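Please open the model in a viewer and keep the selection tool at hand. The tour proceeds by stops, each beginning with something to select.

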Amino acid sequence: MAHSSSAPPIPMPEGRRRRWRPLVLAPVLAAVLGLALWLLPAATLALDTSTGVGLQERALFQDTVDYTLTNQSGKDFSGQQLANASFAGATGKGASFSGANLHGAILTQGAFPDADFSGADLSEALLDRVDLSGTDLRGAVLSGVIATGANFSGAQIEAADFTGALLDRFDQRQLCQRASGTNPVTGADTRTSLEC
């Protein structure tokens with residue numbers, strides 16, 4: 001006698017169905033729990049701000065100020081915390097950044113003629129192709145800046161620190177002609193920092 005291919009399935013007893021699901025889910029739940037316990041120390045470290053890599057620093061980095069392609073002419077940013085801020089392509093004619101923290105800021109292709117950057121921390125900033133003509137950079141820290149293609153004509157640079165700055169050779173020669181003083185923060189001689 002031939003078996004029909006459309007034979008009805010054999011029903012599974014109700015008790016077996018209930019036991020089968022927990023047996024399959026148990027290893028999955030154990031794996032998830034194990035992973036959570038393994039990641040717990042990492043999560044604890046992320047909350048520990050005493051290590052210097054905590055949530056506060058991440059929040060500060062994520063909340064950086066963005067003035068990209070804006071007009072900030074005549075604005076007063078004196079003494080403000082603007083580390084890692086972006087002023088890329090911005091205009092800031094006559095703006096004041098005196099004593100501001102602009103460490104790691106991006107000013108690429110910006111125009112800041114006649115702006116006041118006296119005593120500002122511009123270390124590690126991107127100043128490539130920036131118009132800094134007539135700016136006041138006295139006492140500013142420009143160590144490690146990338147300023148290729150920048151315009152420093154008429155800039156006041158007494159006591160500015162250019163240690164490790166990446167400058168065009170022409171700009172470096174022009175700056176050396178008026179370099180003088182010692183930076184009050186880093187103690188670097190301006191002429192020495194420019195490798196005059």
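Is Asp 114 buried or partly exposed? Asp 114 is partly exposed, since its relative accessible area is 45%. The model under view is a predicted one.

**The salt bridges**

Keep Asp 114 selected and add Lys 93: their side chains meet in a salt bridge, with 3.2 Å from N to O. This pair links distant parts of the chain, 21 residues apart, with Asp 114 and Lys 93 each placed in the loop between H2 and S1. Lys 93 is partly exposed, at a relative accessible area of 46%.

The count of salt bridges comes to 3. For another of them, select Asp 128 and Arg 129, whose closest N and O atoms are 3.2 Å apart. Asp 128 is buried, with a relative accessible area of 13%, whereas Arg 129 counts as partly exposed at 46%.

Next, select Asp 136 together with Arg 138; the closest N and O atoms of this salt bridge lie 2.7 Å apart. Here Asp 136 counts as buried at 9% relative accessibility, while Arg 138 counts as partly exposed at 38%.

**The whole chain**

Now clear the selection and display the chain as a ribbon. The protein chain has 4 helices and 2 strands, and from the N terminus on they follow the order α-α-β-β-α-α. Of its 196 residues, 33% count as buried. Among the contacts with a separation of 6 or more, 9% are accounted for by residues 24 or more positions apart.

**The aromatic rings**

Select Tyr 67 and Phe 87 and show their side chains. The count of aromatic pairs comes to 10. Tyr 67 and Phe 87 form one that is stacked, at 4.8 Å centre to centre and with 20 degrees between the planes. Tyr 67 and Phe 87 both lie in the loop between helix H2 (55-62) and strand S1 (146-147), so the pair ties together parts that are 20 residues apart in sequence. Phe 87 counts as buried because its relative accessibility is 0%, which is under 20%.

Add Phe 112 to the selection. Phe 87 and Phe 112 form an edge-to-face pair, at 6.3 Å centre to centre and 75 degrees between the planes. Both rings belong to the loop between H2 and S1, so this pair ties together parts that are 25 residues apart in sequence. Phe 112 is buried, as is Phe 87.

Extend the selection to Phe 77, Phe 97 and Phe 117. Ring pairs link these residues with Tyr 67, Phe 87 and Phe 112 into a cluster.

**The nonpolar core**

Which residues have the most contacts inside the largest nonpolar core? They are Phe 87, Phe 97, Phe 112, Phe 117 and Phe 152, in a core of 36 residues. Centre the view on Phe 97. Leaving aside its neighbours within four places in sequence, Phe 97 is in contact with residues including Leu 82, Leu 102, Asp 116 and Ala 120.

**Two residues with positive phi**

Most residues other than glycine have a negative phi. Select Asn 84, which is not a glycine and yet has a positive phi of about 65 degrees. Asn 84 is placed in the loop between H2 and S1 and counts as partly exposed at 32% relative accessibility. Move on to Glu 124, which is likewise not a glycine and has a positive phi of about 65 degrees. The loop between H2 and S1 is also the place of Glu 124, and Glu 124 is partly exposed, with a relative accessible area of 46%.

**Helix H3 and the disulfide**

Select residues 169-176, which make up helix H3, and pick out Asp 171 within this helix. Asp 171 is buried yet has no salt bridge. The nearest side chain of opposite charge, that of Arg 178, is 7.6 Å away, and a salt bridge requires the atoms to be within 4 Å. Leaving aside its neighbours within four places in sequence, Asp 171 is in contact with Ala 147, Ala 150 and Phe 152.

For the last stop, select Cys 176 and Cys 196. The count of disulfides comes to 1, and Cys 176 is joined to Cys 196 with 2.0 Å from S to S. The link is left-handed, with -95 degrees about the S-S bond. It links distant parts of the chain, 20 residues apart: Cys 176 is in helix H3, and Cys 196 is in the segment after helix H4 (190-193). Cys 176 counts as buried at 11% relative accessibility, whereas Cys 196 is partly exposed at 43%.

Terms used
Residues are numbered from 1 along each chain as its sequence is written. This is a predicted model: local features need pLDDT of at least 70, side-chain atom pairs count only at pLDDT 80 or more; totals for chains, interfaces and linings use all residues. Side-chain values use heavy atoms; hydrogens and water are left out. Buried means under 20% relative accessible area, exposed over 50%, partly exposed in between (1.4 Å probe, protein chains only). Lys and Arg count as positive and Asp and Glu as negative; His and the chain ends are not counted. Contact means heavy atoms within 4.5 Å. Rings of Phe, Tyr and Trp (its six-membered ring) pair if their centres lie within 6.5 Å; planes under 30 degrees apart count as stacked, over 60 as edge-to-face and the rest as tilted. A disulfide is a pair of cysteine sulfur atoms within 2.5 Å. A nonpolar core is a set of buried Ala, Val, Leu, Ile, Met, Phe, Trp, Tyr and Cys residues joined through side-chain atoms within 4.5 Å.
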